[in-house]
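Please look through the sequence and the structure below before reading on. The report that follows goes from the whole chain to single residues.

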Amino acid sequence: MNSLSDVWSSVLQRMSTQLAPTTINTWFDEVEVVTMEDSAFVLHCGNEFKKKTIEARFLPYIRDALRDLFSADFEIKVLNDDQLSAYHGIKPDHPGDPGDCGAFTFETYVVGPNNKLAYAAAHAVSERPGANYNPLFIYGDSGLGKTHLLYAIAHGLKQNHPEAKVVYIKGDDFTNELVASIQEGKNAEFREKYRQATLLLVDDVQFIAGKVQTQEEFFHTFNALYESGKQIVLTSDRPPREMTKLEDRLRTRFEWGLMVDVAPPDYETRLAIIRNKSAMLGVQLSDAVSDLIAENVTANVRQIEGTLNKILAYYDLMGSSMSQEDILKAIRDMIKKNNEYIPTAQAVVNYICSTYHIDEDVLRGQSRGREVVAARQIAMYLMRRIICMNLVDIGKEFGDRDHTTVLHSLDKVEKQMRSDPAFAETVKQITTNINTNPG
Ligand SMILES: Nc1ncnc2c1ncn2[C@@H]1O[C@H](COP(=O)(O)OP(=O)(O)OP(=O)(O)O)[C@@H](O)[C@H]1O
């Protein structure tokens, strides 16, 4: 892909696997890409109504498509005409500044038994940064609202102290920025950026574990901020004691302040989330529909949002012609489909090994034999498409291969599927078999 418009066409193409062409034409015909830099993807839509609808309903689709293409999370902004002029005039110094991210606030965060401690601690930190809980360490599985809380802290702090300097960074971006700063001889600027923060938010800090230079740099950043009473908030998918590759001196520091977990929401909290989100999207779901989702979509809040988005796209397609009974049936089918058996990475490896008569060690290993490479690429493709594993994790399944190697394999399989119908049929067949053959 060479240009921004290529990227945008690929995003729309990926979205078209989930949304009807009329939906895409209706809402995206006046959209153009402004820029893509750091972790921000900026669009322009001069039609205010369409802009609002895109923001309310379609951002997760755009984000998923970008994640598919670049294996990275982007913050998506949709600018109206005025914002576009302002954007061209003065560029924000950090497009991902969480202080102005209106949707992720304490007000929109639904509190239940699963997250009330994390919420209370986050709230306290936003009111009195650096006072009691430093660092604040929030951990829990994916999609349970850790990033939402980080943004809410930034937002809350900015409201009380507009002059506060908030720095938000993802763990792996910290490494990338550090490497770039070394290459460009801008180490001093890098340090300055982090060490002058009033509030440092590090999302997914687990990614710095095992990286020697990153940990060294982060250790000094941490100390500098901590010693001058600045607030540090960290999120991770696991508590510090389970971050096995993390240096001890960092682990003990992460445990100095308050550690709180976020767990999956219970039924009542799920119901409240569904009601809030649908109200924010300007849709009123019947009690029966809300109950159905709350009972069946239980893993995390991102999954609830995904289900709601699909349902709303469905409403779009069907319009008001559907009876309540038909809607319930359609949603039941959709949920059932979503909950279908999902194989493990090991199940994919087992299946590919037995189909292609290859030993597991060979498939996972470094062999460059033609047949082995082809089988390995299909296995990677299946892990991505069926299990939705990220590129790094797929690489780990195959002797810690780099994520770009994985990306290359996925591209290769996709291209071959497009040009060779027999190959496409084989891959489809394998997909069906793996999906219906647990173990
Ligand atoms: N309690 C909640 N109330 C309202 N929305 C929530 C809540 N928890 C999560 N969400 C929403 O769910 C989505 C996923 O949340 P978020 O990105 O914060 O998860 P996360 O824990 O940071 O996941 P990851 O570890 O994958 O980054 C967001 O849109 C967020 O607003």
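Among contacts in the protein between residues at least 6 apart in sequence, what percentage join residues at least 24 apart? In this model, which is predicted rather than determined by experiment, the share of such contacts that join residues at least 24 apart is 73%. The protein has 20 helices and eight strands, and buried residues make up 32% of its 439 residues.

**The three-stranded sheet**

One open sheet contains three strands in the order 1-2-3, and the pairing within this sheet is mixed. Strand 1 (31-37) and strand 3 (75-79) stand at the edges, and because each of them has a single partner strand, one side of each is left without a neighbour in the sheet. From one strand to the next, the twist averages 20 degrees. Strand 1 and strand 2 (residues 40-45) run antiparallel and are joined by six bridges, and within this pair threonine 35 stands opposite valine 42 of strand 2. As a general background, strands of a sheet pair through backbone hydrogen bonds, and they may do so in a parallel or an antiparallel sense.

**The nonpolar cores**

In soluble globular proteins, nonpolar side chains tend to be buried together. The largest nonpolar core of this model has 56 residues, and those with the most contacts inside it are Ala122, Ile153, Ala154, Leu200 and Leu201. Helix 6 (residues 146-160) gives the most to this core, with seven residues, and the core draws at least three residues from each of domain 2 (100-261) and domain 3 (267-338). There is also a second, separate core of 20 residues, which includes Val348, Ile378, Val406 and Ile430.

**Strand 5 and its surroundings**

Is strand 5 (residues 166-170) largely enclosed by the rest of the structure or left open, and what shows this? Five of its five residues are buried, so strand 5 is largely enclosed by the rest of the structure. Both of its faces are covered, since Val166, Tyr168 and Lys170 on one side and Val167 and Ile169 on the other are all buried. In a regular strand, the side chains alternate between the two faces of the sheet. Strand 5 pairs with strand 6 in the parallel sense over five bridges, and valine 167 stands opposite leucine 200 in strand 6.

Alanine 197 is found in the loop between helix 8 (187-195) and strand 6 (199-203). Leaving aside residues up to four places away in sequence, alanine 197 touches Lys165, Val166, Val167, Leu225 and Lys230. Leucine 225 is 28 residues from alanine 197 in sequence, while the two C-alpha atoms are 7.6 Å apart in space.

**The annotated positions**

An unreviewed UniProt entry places the feature "binding site" at Gly143, Gly145, Lys146 and Thr147. Glycine 145 lies in the loop between strand 4 (136-139) and helix 6, whereas lysine 146 is found in helix 6. Not counting residues up to four places away in sequence, glycine 145 touches Tyr109, Asn115, Val262 and Val301, and lysine 146, counted in that way, touches Ile138, Gly140, Thr235 and Val262.

**Burial of single residues**

The table lists the number of other C-beta atoms within 10 Å for several residues, together with the resulting class; a residue counts as buried at 20 or more and as exposed at 12 or fewer.

| Residue | Other C-beta atoms within 10 Å | Class |
|---|---|---|
| Glycine 145 | 26 atoms | buried |
| Lysine 146 | 24 atoms | buried |
| Alanine 197 | 20 atoms | buried |
| Histidine 357 | 8 atoms | exposed |
| Aspartate 400 | 8 atoms | exposed |

**Backbone details**

Which peptide bond is cis, with omega near -5 degrees? This is the bond from asparagine 134 to proline 135, and proline 135 has its place in the loop between helix 5 (116-127) and strand 4.

Positive phi values also appear in residues other than glycine. Histidine 357 has a phi near 50 degrees, and its place is in the loop between helix 15 (345-356) and helix 16 (360-364). Aspartate 400, which is not a glycine either, has a positive phi of about 60 degrees, and this residue sits in the loop between helix 18 (391-397) and helix 19 (403-419).

Methods
Residues numbered from 1 in each chain as written. Predicted model: local features only at pLDDT ≥ 70, side-chain atom pairs only at ≥ 80, totals over all residues. Pairing = 2+ DSSP bridges. Helix = DSSP H or I, 4+ residues; strand = E, 2+ residues; numbered from the N terminus. Axes fitted to C-alpha atoms, helices over the stretch in contact; angles between N-to-C directions. Core = buried A, V, L, I, M, F, W, Y, C linked by C-beta atoms within 7 Å. Domains from an automatic or database assignment. Contact = placed C-beta atoms within 7 Å. UniProt positions renumbered as here; feature names shortened; annotations may be inferred.
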